[in-house]
Amino acid sequence: GGGGGGAPEEGGGEAKISVYEAGLAVAFSSVVCLVSSALASRVVGRPGTLIPLATLITVALATIAPKRLQSFSGAGEGVALLIMQFFFATGASNLPLSPSPSPPLST
């Protein structure tokens, strides 16, 4: 597509992400996590509600101010993709090298 504010291209093309937009995306997600963590532990009293509260806050803010969040949403997707790659790379290093024994199949 055209000049779309740092959003990753569809179809596997290279995405251009500015450091500023990536920083905004990380800062936004950090603030959302901080607020939802505080709400989950202090107001709701159940730390397990952190992720649903973070989702609720993000959706509410995206609904209230879509144009403000759109400027760094593409960068957020790019940063998320990068973090997932690191997650899978480090998670894969903890896998056993030989398959675990499975029970024999009964016929």
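This is a short tutorial dialogue on reading a predicted model of a protein chain.

User: I'm new to this one. Where do I start, and how many helices and strands are there in the protein chain?

Analyst: Start with the secondary structure. This is a predicted model, so keep that in mind as we go. The protein chain has three helices and zero strands. Read from the N terminus, the order of elements is α-α-α.

User: How do I read the contacts along the chain? What share comes from residues 24 or more positions apart?

Analyst: The idea is to look at how far apart in sequence the touching residues are. Here, among contacts with a separation of 6 or more, 51% are between residues 24 or more positions apart.

User: And burial? What percentage of the 107 residues is buried?

Analyst: A residue counts as buried when its relative accessible area is under 20%. In this chain of 107 residues, 15% are buried. You can look at the surface as a whole too: the accessible area is about 8400 Å², and carbon and sulfur atoms hold 68% of it.

User: Can we try a single residue? Is S36 buried or exposed?

Analyst: S36 sits in helix α1. S36 counts as buried because its relative accessibility is 0%, and the cut-off is under 20%. Beyond its close sequence neighbours (up to four places away), S36 is in contact with L50, L53, A54 and I57.

User: L50 is on that list. Which residues does L50 touch in turn?

Analyst: L50 belongs to helix α2. With residues up to four places away left out, L50 touches S36, S37 and A40. L50 is partly exposed, because its relative accessible area is 27%, and that class runs between 20% and 50%. For a spacing in 3D, compare L50 with V32: they are 18 residues apart in sequence, and their C-alpha atoms are 9.9 Å apart.

User: What about V19: buried or exposed?

Analyst: V19, found in helix α1, is exposed because its relative accessible area is 74%, and exposed means over 50%. Sequence distance and spatial distance are separate readings here as well: V19 and A75 are 56 residues apart along the chain, while their C-alpha atoms are separated by 8.6 Å.

User: Now pockets. How much space lies in the largest pocket, and which residues lie nearest its centre?

Analyst: With a pocket, check the volume, then the lining. The largest pocket holds about 370 Å³ of space. Its lining has 16 residues, and those nearest the centre are A25, V26, F28, S29 and G76. Helices α1 (19–44), α2 (50–64) and α3 (66–92) are the elements that each give two or more residues to this lining. The largest share, seven residues, comes from α3.

User: What kinds of residues line the largest pocket?

Analyst: Sort them by chemistry. The lining of the largest pocket has twelve nonpolar residues, four polar ones and no charged ones.

User: Last one: how many aromatic pairs are there?

Analyst: For these, you look at the distance between ring centres and the angle between ring planes. The count here is one aromatic pair. F87 and F88 form it, with 5.4 Å from centre to centre and 65° between the planes. That makes the pair edge-to-face, because planes over 60 degrees apart count that way. Both F87 and F88 are exposed.

Note on methods:
Residues numbered from 1 in each chain as written. Predicted model: local features only at pLDDT ≥ 70, side-chain atom pairs only at ≥ 80, totals over all residues. Heavy atoms only, no water. Phe/Tyr/Trp six-rings, centres within 6.5 Å; stacked < 30°, edge-to-face > 60°. Buried < 20%, exposed > 50% of the residue type's maximum accessible area, 1.4 Å probe, protein only. 1 Å grid on protein atoms, 1.4 Å probe; cavity = no way out; pocket = protein on both sides within 12 Å on 5 of 7 lines; lining within 4 Å. Points joined across faces, edges and corners; volume = space filled by probe spheres on them. Helix = DSSP H or I, 4+ residues; strand = E, 2+ residues; numbered from the N terminus. Nonpolar A, V, L, I, M, F, W, Y, C, P; charged D, E, K, R; others polar. Contact = heavy atoms within 4.5 Å. Areas by Shrake-Rupley, 256 points an atom, 1.4 Å probe, with all protein chains shown as cover.
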